[in-house]
Amino acid sequence: MLTDELAIKVSVYFSVYLALCSVQLAVVAERRGENNLYLSAGFILGCCALVPISTVASISLMLVGAGVVLLLRRQASEA
């Protein structure tokens, strides 16, 4: 039976799943060396999508992801 509460829970789970996929795909694309503005947009929007769930988790994920992207770019420039 579909209720309003269940529909909201399912939509929250899907938003978290899609946000995490967005962040993961942005990091994978960065690792592959794709030079594209959409990588940053996908990463930032993925992190922002987690704000309704947990602001601290969203900001933490953004900082960790930015660190990973910086490390990947540094490795690419040294190679």
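Leu2, Leu6, Val10, Phe14, Tyr17 and Leu18 form a nonpolar patch on the surface of this predicted model. Together these residues have about 640 Å² of accessible area. One of them, Leu2, lies in the segment before helix H1. Leu2 has a relative accessible area of 70%, so this residue is exposed, the cut-off being over 50%.

Before going further, consider the confidence of the prediction. The chain averages a pLDDT of 78, and 95% of the residues score at least 70. Among the elements of the chain, helix H1, residues 4-31, has the highest mean pLDDT, at 81. The lowest mean, 72, belongs to helix H2, residues 37-49. Where pLDDT is low, the predicted coordinates should not be read in detail.

Helix H1 also holds a salt bridge. The side chains of Lys9 and Glu5 meet there, with a distance of 3.4 Å from N to O. Both residues lie in H1, four residues apart, which is about one turn of the helix. The general geometry is simple: an α-helix has 3.6 residues a turn, so residues three or four places apart point the same way. The two partners fall into separate classes of accessibility. Glu5 has a relative accessible area of 51% and is therefore exposed, since the cut-off is over 50%. Lys9, at 41%, counts as partly exposed because this value lies between the limits of 20% and 50%.

Next comes helix H3, which covers residues 55-78. Does its length fit, or fail to fit, the expected span? At 1.5 Å a residue, the 24 residues of H3 should span 34 Å; the end C-alpha atoms are 35 Å apart, which agrees.

The buried residues of H3 are Ser58, Gly65, Val69 and Leu72. Take Ser58 as the example. Its relative accessibility is 2%, so Ser58 counts as buried, the limit being under 20%. What does Ser58 touch, leaving aside residues up to four places away in sequence? The contacts of Ser58 are Cys47, Cys48, Leu50 and Val51.

Helix H3 has a salt bridge as well. Glu78 pairs with Arg74, and the closest N and O atoms are 3.5 Å apart. Being four residues apart in H3, Glu78 and Arg74 are separated by about one helical turn. Both of these residues are exposed. With the pair in H1, the count comes to two salt bridges.

Note on methods:
Residues are numbered from 1 along each chain as its sequence is written. This is a predicted model: local features need pLDDT of at least 70, side-chain atom pairs count only at pLDDT 80 or more; totals for chains, interfaces and linings use all residues. Side-chain values use heavy atoms; hydrogens and water are left out. pLDDT is the predictor's confidence in each residue, from 0 to 100. Helices (H or I, at least four residues) and strands (E, at least two) are DSSP runs, numbered from the N terminus. The expected span of a helix is 1.5 Å times one less than its number of residues. Buried means under 20% relative accessible area, exposed over 50%, partly exposed in between (1.4 Å probe, protein chains only). Patches are made of residues with over 30% relative accessible area and no salt bridge: like charges are joined within 9 Å, nonpolar side chains (Val, Leu, Ile, Met, Phe, Trp, Tyr) within 5 Å. Accessible areas come from the Shrake-Rupley method with a 1.4 Å probe; for residues, only the protein chains shown count as cover. A salt bridge is a side-chain nitrogen of Lys or Arg within 4 Å of a carboxyl oxygen of Asp or Glu. Contact means heavy atoms within 4.5 Å.
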